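Subject: Structure handover

Hi,

Here is the structure you asked about. Please open it alongside this note. My findings follow below it.

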Amino acid sequence: MFDSITPLLTDPAAWLALVTLIIMEVVLGIDNLVFISILSNKLPEKDRPRVRRIGISLALIMRLGLLATIGFIVALTNPVFDLGITGPIEHGAPLFETAFSWRDLILIAGGLFLLWKATKEIHHTVDPAPTPGFLDKKDVVISNVGSAIFQIILLDLVFSVDSILTAVGMTDHVPIMMAAVIVAVTVMLLAATPLANFIDKNPTVVMLALGFLLMIGMVLIADGFGVHVPKGYIYAAMAFSGLVEGLNMMGRVASAKKHAAQVEQQAALNRAETAEPGV
């Protein structure tokens, strides 16, 4: 084991692959982290940190387990059945295809689950008279935590398979992939609580995050049908939306400060007018 790792420590290409994989794993982990944050924020406050830690730890265990079975993971990309339908040829490849592998089926199932979950949460947020959801029953906290962890496990599986298959396509060295996964999941663990608290304190960010989950769900389904949407476009759209929302938040803060200053100024004028008759 150490004989195979030692040459990598002195190989600049291996270090470059490690840095690239860490960045990629962190970026891919954002989707998972947003879902965990939204789901955990629906739980009682005392249970939230525990559920986040469990969810992210399970993601690490799942990814390391998948890396330990590289042959099985690679076999997931082999077609298991084909409906014989393909789209028009563009840039030398069909626009979509229906030769489904286990990876495709996992991505489609995960995408449908994300669409269902995000749509349900959006409906719960905008409904003027929302009906109690399974995470709103205060008398079944234990089952709520279990249900939340179960849903996190399902999405962990989807994101882990996608993440590991991408890593396998970038390097052949399992130690590099394992190191990148451990570092990326550690970053996720450190960022989980600050991100969840930020989302919880800013309701408009919740809706934006749910919109991200809808988009990610559609991308997973499209990927399952062979429509490969460049990940850079997705994350660029998320970054731009986040920037716009950040400007909106700054505008709301500035407006609140301006209003407070006007109220204080008016109060000062009222005190001055009240004091004048007694002068």
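A salt bridge here is a side-chain nitrogen of Lys or Arg within 4 Å of a carboxyl oxygen of Asp or Glu. Arg 50 and Asp 47 fit that rule, with N to O at 3.0 Å. Please keep in mind throughout that this is a predicted model.

**Salt bridges**

The count by this rule is 3 salt bridges. Asp 47 also meets Lys 46, at 3.5 Å from N to O. Salt bridges that share partners join Lys 46, Asp 47 and Arg 50 into one network.

How buried or exposed is each member of that network? Asp 47 is buried, because its relative accessible area is 4% and the cut-off for buried is under 20%. Lys 46 is exposed, with a relative accessible area of 67%. Arg 50 is partly exposed, at 37%.

Arg 252 and Glu 245 form another salt bridge, 3.1 Å from N to O. Arg 252 counts as partly exposed, at 40% relative accessibility. Glu 245 is buried, with a relative accessible area of 12%.

Glu 245 deserves another look. Its place is in helix H9. Which residues does Glu 245 contact, leaving aside its neighbours within four places in sequence? They are Thr 204, Val 205, Leu 208 and Arg 252. So Arg 252 appears both in that contact list and as the salt-bridge partner of Glu 245, a pairing that rests on the 4 Å rule.

**Aromatic pairs**

A pair of aromatic rings is described by the distance of the centres and the angle of the planes. Searching the whole structure gives 3 aromatic pairs.

Take Phe 100 and Phe 225. Their ring centres are 5.3 Å apart. Their planes sit at 85 degrees, so the pair is edge-to-face. Where do the two residues lie? Phe 100 is in strand S4, residues 97–101. Phe 225 is in the loop between helix H8 (203–224) and helix H9 (231–275). The pair therefore ties together parts that are 125 residues apart in sequence.

The two partners also compare by exposure. Phe 100 is buried, with a relative accessible area of 4%. Phe 225 is partly exposed, with 33%.

Next come Phe 113 and Trp 116. The ring centres of Phe 113 and Trp 116 are 5.8 Å apart. Their planes are at 40 degrees, so this pair is tilted. Both residues lie in helix H5. They are 3 residues apart, about one turn of the helix. Phe 113 is buried, with a relative accessible area of 15%. Trp 116 counts as partly exposed, at 44%.

Phe 113 and Trp 116 do not stand alone: with Phe 35 they form one aromatic cluster.

**Nonpolar patch**

There is a nonpolar surface patch of about 490 Å². Its residues are Val 80, Phe 81, Leu 83, Ile 85 and Trp 102. Which element gives the most to the patch? Strand S1, residues 79–86, does, with 4 residues.

Trp 102 belongs to helix H5, which covers residues 102–126. Trp 102 is partly exposed, with a relative accessible area of 49%. Helix H5 is also home to Phe 113 and Trp 116.

**The whole chain**

The chain has 9 helices and 4 strands. Along the sequence, the pattern is α-α-α-α-β-β-β-β-α-α-α-α-α. Buried residues make up 36% of the 279 residues.

The accessible surface is about 15,500 Å². Carbon and sulfur atoms account for 71% of that surface.

How much of the contact total is long-range in sequence? Among contacts with a separation of 6 or more, residues 24 or more positions apart account for 78%. The pair of Phe 100 and Phe 225 joins parts 125 residues apart.

**To start with**

When you open the model, three places cover much of this note. Look at Asp 47 with Lys 46 and Arg 50, joined in one network. Look at Phe 35, Phe 113 and Trp 116, the aromatic cluster. Then look at the patch made by Val 80, Phe 81, Leu 83, Ile 85 and Trp 102.

Best wishes

Methods. Residues numbered from 1 in each chain as written. Predicted model: local features only at pLDDT ≥ 70, side-chain atom pairs only at ≥ 80, totals over all residues. Heavy atoms only, no water. Patch = residues over 30% accessible without salt bridge, like charges linked within 9 Å, V, L, I, M, F, W, Y side chains within 5 Å. Areas by Shrake-Rupley, 256 points an atom, 1.4 Å probe, with all protein chains shown as cover. Buried < 20%, exposed > 50% of the residue type's maximum accessible area, 1.4 Å probe, protein only. Phe/Tyr/Trp six-rings, centres within 6.5 Å; stacked < 30°, edge-to-face > 60°. Contact = heavy atoms within 4.5 Å.
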